[in-house]
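Visitor: Please take a close look at a single part of this molecule for a first-year student. I should also like to see how that part fits into the whole.

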Amino acid sequence: VFIHNPHSRGQHLNTPRVIQSGLDSDVSLLNINQVVSCLTAGVLNPELGYDALLVGTQTNLLAYDVYNNSDLFYREVTDGANAIVLGKLGDISSPLAIIGGNCVLQGFDYEGNDLFWTVTGDNVRSLALCDFDGDGKKELLVGSEDFDIRVFKEDEIVSEMTETETITSLCPMYGSRFGYALSNGTVGVYDRTARYWRIKSKNHAMSIHAFDLDSDGVCELITGWSNGKVDARSDRTGEVIFKDNFSSSIAGVVEGDYRMDGHLQLICCSVDGEVRGYLPGGPEMKGNLMDTSVEQELIRELSQKKQNLLLELRNYEENSKTELSGPVKESDGQRGIIPANTKLQTTLSVNLGTESQAAHVELCISTSNDTIIRAVLIFAEGIFAGESHVVHPSIPNLSSLIRIPIIPPKDVPVDLHLKIFVGYRSSTQFHVFELMRQLPRFSMYTLSSTDSSREPQSYVNFTINERVQRVFIWLNQNFLLPGGDTEIQNAPFQVCFTSLRDARQLCIKIKPSGEITVSTDDIDLAGDIIQSMASFFAIEDLQVEADFPGYFEELRKVLIKVDEYHSVHQKLSADMADHSNLIRSLLVRAEDARLMRDMKTMKKRYVELFNLNKDLLSGYKIRSNNHTELLSNLKEVNQAIQRAGRLRVGKPKNQVITACRDAIRNNNLNMLFRIMRVGTASSQ
């Protein structure tokens with residue numbers, strides 16, 4: 001880690017941890033001896049009154065006091081540290097260094113005490129602290145590899161937003177507003193769960209930061225890009241108000257009083273080591289920090305837009321004259337004229353597919369007369385590569401009806417934004433209809449006949465205080481049920497579905513008492529259904545009884561493997577320690593032999609050292625492979641705890657996660673599976 005400090009020249013320390021760089025008298029090098037995976041600085045101990053440096057690797061977390069050149073604490077973290085954030089979380093009084101790793105979140109105070117622990121859905125890639133709900137206390141924003149942004153109020157998830165790619169960066173703006181960046185080049189701003197704006201670039205956002213660059217009292221979103229560009233965008237519109245270019249990719253964007261003159265600067269650093277600082281613009285700038293050439297470019301863009309609008313207006317005027325002269329004929333369609341009463345109908349249904357085509361959801365679009373559909377543009381997040389899909393039938397196949405297959409990869413509700421070109425076969429211009437349809441969350445499940453022999457053995461069972469009709473409304477909103485299917489409205493009833501992805505069965509039984517049983521072998525699907533119901537019926541706390549024998553058996557095997565890998569890890573560590581002591585002894589003996597000019601003994605000792613070094617290298621490879629396998633299995637264990645939590649809502653969910661961790665710490669597997677089944681460790 002490079003520490004650049006031009007404010008205390010000549011006060012450098014050379015110790016085993018810190019070495020003075022020969023390249024620059026202002027730069028010190030902090031030796032970590034591992035690959036650094038995350039880095040931050042901030043006030044960890046308020047009594048010290050200055051920042052601590054926090055360095056995370058895939059095995060350890062170091063809290064370092066730069067001023068006194070001492071370690072505050074050094075902790076082993078088996079789940080690794082991919083991201084780190086420092087600050088106060090909820091009602092926890094002490095500032096925490098919160099790290100996100102292998103599906104796990106951990107928070108340490110200034111003494112290294114583990115005050116916060118919970119699990120999340122996948123490997124953590126980004127963290128931020130933000131007052132999400134406006135209660136004056138910070139919530140934890142977590143971006144992970146499963147494309148979700150989760151909001152934790154201490155160890156309870158209070159909100160989830162699904163994006164289209166891995167969330168690589170998060171930063172608080174002000175209030176409940178925060179910025180985000182995805183691995184596909186998207187950056188944007190959320191206000192709570194509502195997305196304000198987003199833009200997508202062919203480059204990748206390497207770092208984002210909130211900074212008031214135009215001195216209007218509101219932070220802009222500063223983005224450093226992989227092509228070396230830095231831009232500042234309005235938090236309200238996403239409009240660029242400032243930009244600059246580096247010769248290489250941006251490494252990071254931060255802020256600080258670097259010149260020690262009482263004014264904060266925006267500081268950008270490139271991967272080549274170039275560092276630039278930017279002072280906020282004065283109030284006279286009025287939000288525009290770019291030069292006149294950019295203003296001229298904007299004028300040209302507006303002028304072009306004006307010409308396009310005038311052309312569109314002229315087309316409308318010509319069309320209105322033709323409509324006044326008489327009914328529309330197909331020959332008029334060449335100019336894009338269609339009958340005024342033309343309407344579009346859209347329907348969603350399940351198609352079981354054929355030998356050449358997989359089962360899918362089918363979007364059917366039709367016109368109300370003899371006009372044809374020339375093309376359809378669909379914009380939808382997370383379904384199509386590039387988030388858009390164009391259907392352009394060949395001329396012989398043009399008709400007033402078009403069927404489009406859709407295969408959503410995940411069970412999330414998706415808005416389909418449609419642009420449909422309608423005209424006649426001879427048309428050179430087309431009328432564009434804009435529509436929106438929502439794809440239900442569980443659209444990839446088709447209604448099937450009830451067959452007790454095929455009913456899954458795994459289930460979740462719970463009771464809610466809702467009328468059966470309300471449950472039926474939830475079913476209608478979340479599944480593609482055939483129209484007019486009203487026979488399942490009377491309790492008790494059972495409805496069964498077949499997954500279009502893997503042909504697995506899903507059965508939902510509802511009794512008059514409000515008891516609901518969801519039978520499925522997919523624990524993730526069961527969790528999605530419970531969370532969907534909890535959201536629809538506004539359920540705050542829900543206790544569930546669950547049993548997934550197949551999944552639990554696989555988990556038992558994984559836990560046994562984790563124990564084995566831990567044992568191997570300890571043995572290898574002990575062997576390496578023994579080897580280290582032997583190396584010291586052999587080196588001393590070899591040096592003694594050299595001083596005594598006993599070359600035969602010296603050669604013998606160095607041969608032994610050479611062989612020992614080979615043993616150490618092979619031992620390290622084994623240890624490295626062991627650690628990789630251990631991490632992979634720990635991820636499965638952490639995801640199992642997260643899945644058990646998702647089967648519950650509210651306080652029961654937090655209790656299950658905490659109790660599962662305690663059971664794993666105590667190596668009590670029977671207790672762990674009991675907690676996952678009934679939600680509690682007690683036998684009551």
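Guide: Of the 684 residues of the protein chain, 46% count as buried. Here buried means under 20% relative accessible area, exposed means over 50%, and partly exposed lies in between, with a 1.4 Å probe and protein chains only. This is a predicted model, in which local features need pLDDT of at least 70 and side-chain atom pairs count only at pLDDT 80 or more, while totals for chains, interfaces and linings use all residues. Residues are numbered from 1 along each chain as its sequence is written, and side-chain values use heavy atoms, with hydrogens and water left out.

The whole chain gives the setting. The protein chain contains seven helices and 39 strands; both are DSSP runs numbered from the N terminus, helices being H or I with at least four residues and strands being E with at least two. About 34900 Å² of the protein chain is exposed, and carbon and sulfur atoms supply 51% of that area. Such accessible areas come from the Shrake-Rupley method with a 1.4 Å probe, and for residues only the protein chains shown count as cover. Among the contacts in the protein chain with a separation of 6 or more, 53% are between residues 24 or more positions apart, where contact means heavy atoms within 4.5 Å.

The part chosen for a close look is strand β22, residues 229-233. Four of the five residues of β22 are buried, so the strand is mostly covered. What does β22 pair with? Strand β21 (residues 220-225) runs antiparallel to β22 and is joined to it by four bridges. Strand β23 (residues 240-245) is also antiparallel to β22, here with five bridges. Two strands are said to pair if DSSP finds at least two bridges between them.

Individual residues show how these pairings fit together. G224 has V230 of β22 as its bridge partner, and V230 in turn has D244 of β23 as its bridge partner. The connections between the strands can be followed as well. The hairpin of β21 and β22 has three residues between the strands, and G228 there takes a positive phi near 95°. In the hairpin of β22 and β23, six residues lie between the strands, and G238 in the turn has a positive phi of about 85°.

Antiparallel pairing is also found elsewhere in the chain. An open sheet of four strands has the order β4-β5-β6-β7, with antiparallel pairing. Its edge strands are β4 (38-42) and β7 (70-76); each has a single partner strand, so one side of each is left without a neighbour in the sheet. On average, neighbouring strands of this sheet are turned by 15° against each other, direction ignored. Within the sheet, β5 (residues 52-56) and β6 (residues 60-65) pair over four bridges, and the bridge partner of G56 in β6 is L61.

Another open sheet has four strands in the order β16-β17-β18-β19, again with antiparallel pairing. The edges are β16 (167-174) and β19 (194-200), each with a single partner strand, so each has one side without a neighbour in the sheet. From one strand to the next, the twist averages 20°. Strands β17 (residues 177-182) and β18 (residues 186-191) pair over five bridges, with G179 standing opposite V189 in β18.

The helices complete the setting. Two packed helices are described by the angle between their axes and the distance between the axes. The axes of α4 (residues 549-595) and α7 (residues 669-678) come within 12 Å and cross at roughly 145°. These axes are lines fitted to C-alpha atoms, for helices over the stretch in contact, and angles run from 0 to 180 degrees between N-to-C directions. The contact involves F552, L555, R556 and L559 of α4 together with L669, N670, L672, F673, M676 and R677 of α7.

Two helix residues close the account. Q639 is in helix α5 (residues 599-646) and, at 15% relative accessibility, counts as buried. Apart from neighbours within four places in sequence, Q639 is in contact with C103, G121, D122 and Y551. N654, in helix α6 (residues 651-665), counts as buried because its relative accessibility is 12%. N654 touches D155 and E156, leaving out residues up to four places away in sequence. The C-alpha atoms of N654 and T118 are separated by 8.7 Å, although these residues are 536 residues apart along the chain.
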